[in-house]
Amino acid sequence: MENDNRDIYGNIPEVGASGSAPEDLSENLSGNFDNRSDFIDENRGETVGSYSDVRDFPLENVYLPTKKKKSGSYNISRAFIAVLCVVCALIGGFSGGLSVFVIQNVEKETTEDSAKVNSDFSETINVDASRTEKEDNTLAGMEETSAAETMTETTAEEPTTITVPKLTARDLYASQVDSVVLINATVKMQSGYWGQTTTAEVSGSGFIISPDGYIVTNHHVITGGTNIKVTLHNGEKCDARLVGSEKSNDVAVLKIEKNDLQHVNWGDSDDLRVGDDIIIIGNPLGELTDTLTNGMVSALSRKIESENDIINMFQTNAAINSGNSGGPVFDMYGKVVGIATSKYVASAIEGLSFFIPVNDVEAIVADIITFGYVKGRPLLGVTVQTITQTMATRYKLVLGAYIVEQDAECPATAAGIQKGDVVTIFKGSTIADAKALQLAVSECKPGEVIAAQIYRGGQYIDVSITLGEKKPAEARTSYSDVYDL
């Protein structure tokens, strides 16, 4: 057979100078053997190995073709390039979308975290934004155009929320103690078996509400008092005059001749909720000046009787004592939300103190400063006392509000009511005692016409009363269980 040296592909191999296999045979072993599986030694006529164990095959028995190295240029079709570009574009688009999604989620989580932090603060102030971005652009454009060519465009400005943090008790005290004062007054008292008249000094607290020396305190702190003195936080003593007071809400206003005084800011007592923290600064016992106590709101809208007047108050567990009356009650933002007034004093009773909400006081104070009394208070013009069941049986009367005294010229007199009458019905409500009539009158307005019923000499008489306006007046009697209406 010719060309016995043909390789397994039928090609005549190149032979080196020595007639042996070429030197690059080991390189040719890396060639492509995918289409064949066996080597055949034609001299022996038998299969000597497969490509799977080619490393065991004796190289001297076979000649392999020499492969020419390619120049480095590959013949890649345009279709393949187009497909590759589409795949890269898809991968790029997916990566970009994924990045935007991650960034948006991070921003959303950051915004939610910020909102959660801001929710821990109870008070915010809305401040209008000074200028919007659109307005900035408009102003920039106006610099490049004449006034005649400029068109003004208005945009709605969104308010910016500023969170005001709560104060610590230490910071609140430091910032507000200069606005709290000690009040002393001299009162006349009856003492001894024969009722001798003596004088005594009473003390209480108050707080400055204006730089020019107006001071708010309780009516019961200064009632009947003379020689009223005010002591500032720095120890300076000042003479004070009584501007006016209102017994039914236990509020009084004093004035000292000073300027540039530190003063409190009114808060909003309608914002108070049960559980809110409060701070009281006052002068317990009249000696322990500038004392801070704290507590929390225990209840709202309690109707508390104080010196025969029923006053709306909020209840707390704060410690107050004689001498605290008239002092300020602060919220944790440093604003006055109440006036310290009273506490229950009895054995086995602790943690019950009551304060007047400032929303019930602020208008009263303004009226006292402007007019010397509180305008808009209804006046019936009588002093009444409760008729108990025992009294009704003994004196042949009925349950109700008994007329103890009345003014010569007052709405009750004009309606035909007389001393000794018993008011049983007022404005459609049954009157069982003096307190019931007091509450009923307090809910009316000056000038209002009221239908009422009285009991006189065994008969019930219907009357029509046109209420007047109440002005300051001394108590009509010395009884302790009567009510001026």
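## A guided tour, beginning at Asp250

Start by selecting Asp250, which sits in the loop that runs between strand S10 (241-246) and strand S11 (251-255). Keep in mind throughout that this is a predicted model. With the side chain of Asp250 displayed, look for His220, whose side chain makes a polar contact with that of Asp250 at 2.7 Å, and then for the backbone nitrogen of His219, which the side chain of Asp250 reaches at 3.0 Å. If you now show the surroundings and set aside residues up to four places away in sequence, you will find that Asp250 touches Thr217, Asn218, His219, His220, Ser306, Ile311, Thr341 and Ile356.

Which side chain of opposite charge is nearest to Asp250? Select Lys247 and you have found that side chain, although it is 8.7 Å away, and Asp250, while buried, has no salt bridge.

**From Lys247 to Asp309**

Stay with Lys247 and add Asp309 to the selection, for these two residues do form a salt bridge, with their closest N and O atoms 2.5 Å apart. Because Asp309 lies in strand S14 and Lys247 in the loop between S10 and S11, the pair ties together parts that are 62 residues apart in sequence. Colouring by accessibility would set the partners apart, since Asp309 is buried with a relative accessible area of 5%, whereas Lys247 is partly exposed at 38%.

**Two further salt bridges**

The structure holds 8 salt bridges, and another of them can be found by selecting Lys255 and Glu257, whose side chains meet with N and O 3.8 Å apart. Are these two residues buried or exposed? Lys255 counts as buried, at 8% relative accessibility, while Glu257 counts as exposed, at 64%.

Next select Glu469 together with Lys375, where the side chains meet in a salt bridge with an N to O distance of 3.9 Å. Glu469 belongs to strand S25 (residues 468-469) and Lys375 to the loop between H6 and strand S18 (378-379), so this pair ties together parts that are 94 residues apart in sequence. Glu469 is partly exposed at 28% relative accessibility, and Lys375 is likewise partly exposed, at 34%.

**Into helix H6**

Lys375 leads to the next stop, Asp367, because leaving aside residues up to four places away in sequence, Asp367 touches Gly372, Tyr373, Val374 and Lys375. Asp367 itself lies in helix H6, where it is buried yet has no salt bridge, the nearest side chain of opposite charge being that of Arg377, 6.8 Å away.

**The nonpolar cores**

Now hide the charged residues and select Phe207, Ile209, Phe330 and Val365, which are the residues with the most contacts inside the largest nonpolar core, a set of 28 residues. The elements that give two or more residues to this core are strand S7 (214-217), S11, strand S12 (277-282), strand S14 (309-316), strand S16 (336-343), strand S17 (353-357) and helix H6 (362-371). Which of these elements gives the most to the core? The answer is H6, with 3 residues.

Centre the view on Phe330 to see one of these core residues in detail: apart from residues up to four places away in sequence, Phe330 touches Leu172, Gln176, Val264, Asp277, Ile278, Ile279, Ile281, Lys335, Val336 and Val337. A second core, separate from this one, has 24 residues, and you can locate it by selecting Ala401, Ile450, Leu467 and Leu485, which are among them.

**A loop stop at Pro211**

Move next to Pro211, in the loop between strand S6 (196-208) and S7, where this residue is partly exposed with a relative accessible area of 38%. Its C-alpha atom and that of Lys258 are separated by 7.8 Å, although the two residues are 47 residues apart along the chain. Beyond its neighbours within four places in sequence, Pro211 is in contact with Lys258, Asn259, Asp260, Leu261 and His263.

**Stepping back**

Finally, clear the selection and show the whole chain, which has 9 helices and 26 strands. Of the 485 residues in the chain, 34% are buried, and the accessible surface comes to about 29700 Å², with 51% of that belonging to carbon and sulfur atoms. Among the contacts in the chain with a separation of 6 or more, 61% are between residues 24 or more positions apart.

Notes
Residues numbered from 1 in each chain as written. Predicted model: local features only at pLDDT ≥ 70, side-chain atom pairs only at ≥ 80, totals over all residues. Heavy atoms only, no water. Helix = DSSP H or I, 4+ residues; strand = E, 2+ residues; numbered from the N terminus. Buried < 20%, exposed > 50% of the residue type's maximum accessible area, 1.4 Å probe, protein only. Lys, Arg positive; Asp, Glu negative; His and termini not counted. Salt bridge = Lys/Arg side-chain N within 4 Å of Asp/Glu carboxyl O. Polar contact = N/O pair within 3.5 Å; in protein donor to acceptor, adjacent residues only side chain to side chain. Contact = heavy atoms within 4.5 Å. Core = buried A, V, L, I, M, F, W, Y, C linked by side-chain atoms within 4.5 Å. Areas by Shrake-Rupley, 256 points an atom, 1.4 Å probe, with all protein chains shown as cover.
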